[in-house]
Amino acid sequence: MRILDIDDSAPADAALLAASLIAGETLLAAFGSPTGSILFTERRLILAQREHLLEERIETTSYPWREVRRFSVQEGAGRVVLRIWLGEDDHPLQLRAGAETDLVPLQRLLAERFS
């Protein structure tokens, strides 16, 4: 199970994270954590993750939108958990955010991709 405790990425941070975008690809949303980042573009989701906080190696995985099977949102106790099931994985990617991080635009983006 992959879990990221995320915060909104500032535009400058998102620009640094977006180095792997292809020509003409537009960044729609970006979230970061000490152990990784997730980017949402109009073409795909890009997940960059460290296994450990001090790990120098970073694994980057790209998922086209057609690989997003479903998502769910759990709210409460000052925390929001957004679960995204990707590809053939049985376990979802979990994005955990504090109350100060607004995940409603991301929920809208995901919902739009399913309609």
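Let's start with one residue: Glu-25 counts as buried, because its relative accessibility is 8% and buried means under 20% relative accessible area, with exposed over 50% and partly exposed in between (1.4 Å probe, protein chains only). Before going on, note that this is a predicted model, where local features need pLDDT of at least 70 and side-chain atom pairs count only at pLDDT 80 or more, while totals for chains, interfaces and linings use all residues. Residues are numbered from 1 along each chain as its sequence is written, and side-chain values use heavy atoms, with hydrogens and water left out.

Where does Glu-25 sit? You'll find Glu-25 in the loop between α1 (11-17) and β2 (27-33). Those labels come from DSSP runs, numbered from the N terminus: helices are H or I with at least four residues, strands are E with at least two. The protein chain has two helices and eight strands, and read from the N terminus the order is β-α-β-β-β-β-β-β-β-α. Of its 115 residues, 39% count as buried.

Now back to that loop. Setting aside neighbours within four places in sequence, Glu-25 is in contact with Thr-41, Glu-42, Arg-43 and Arg-44, where contact means heavy atoms within 4.5 Å. With Thr-41, the side chains share a polar contact of 2.7 Å. A polar contact is a pair of N or O atoms within 3.5 Å; within protein, one must be able to donate a hydrogen and the other to accept it, and residues adjacent in sequence count only if both atoms are side-chain atoms. The Glu-25 side chain also reaches the backbone nitrogen of Ile-22, at 3.0 Å.

Side chains of opposite charge can pair when their charged atoms come close. A salt bridge here is a side-chain nitrogen of Lys or Arg within 4 Å of a carboxyl oxygen of Asp or Glu, and the count by this rule is two. In one of them, Glu-25 pairs with Arg-44, with the closest N and O atoms 2.8 Å apart. Since Glu-25 lies in the loop between α1 and β2 and Arg-44 in strand β4, this pair ties together parts that are 19 residues apart in sequence. Both Glu-25 and Arg-44 are buried. Glu-42 and Arg-43 form a salt bridge too, their closest N and O atoms being 3.4 Å apart. Here Glu-42 counts as partly exposed at 26% relative accessibility, and Arg-43 is likewise partly exposed, at 43%.

Next, have a look at the aromatic rings. How many aromatic pairs does the structure hold? There are two, counting rings of Phe, Tyr and Trp (its six-membered ring) whose centres lie within 6.5 Å; planes under 30 degrees apart are stacked, over 60 edge-to-face and the rest tilted. Phe-31 and Phe-40 have ring centres 6.4 Å apart and planes at 85°, so that pair is edge-to-face. Phe-40 and Trp-65 have centres 6.3 Å apart and planes at 35°, so this pair is tilted. Because Phe-40 lies in strand β3 (residues 36-41) and Trp-65 in the loop between β5 (59-64) and β6 (68-76), the pair ties together parts 25 residues apart in sequence. Measure in space instead, C-alpha to C-alpha, and Trp-65 and Phe-40 are 9.3 Å apart. Phe-31, Phe-40 and Trp-65 form one aromatic cluster. Their relative accessibilities are 4% for Phe-31, 0% for Phe-40 and 11% for Trp-65.

Trp-65 has other partners as well. Its side chain reaches the backbone oxygen of Thr-41 at 2.8 Å, and its contacts beyond four places in sequence include Arg-44, Leu-45, Leu-109 and Arg-113.

Finally, the nonpolar core, meaning a set of buried Ala, Val, Leu, Ile, Met, Phe, Trp, Tyr and Cys residues joined through side-chain atoms within 4.5 Å. In the largest core, of 22 residues, Ile-38, Phe-40, Leu-95 and Leu-106 touch the most other members. The elements giving two or more residues to this core are β1 (2-8), β2, β3, β4 (44-49), β7 (79-86), β8 (93-98) and α2 (104-114). β7 supplies the largest share, four residues. Apart from this core lies another, of five residues, including Ala-18, Leu-21, Leu-39 and Ile-46.
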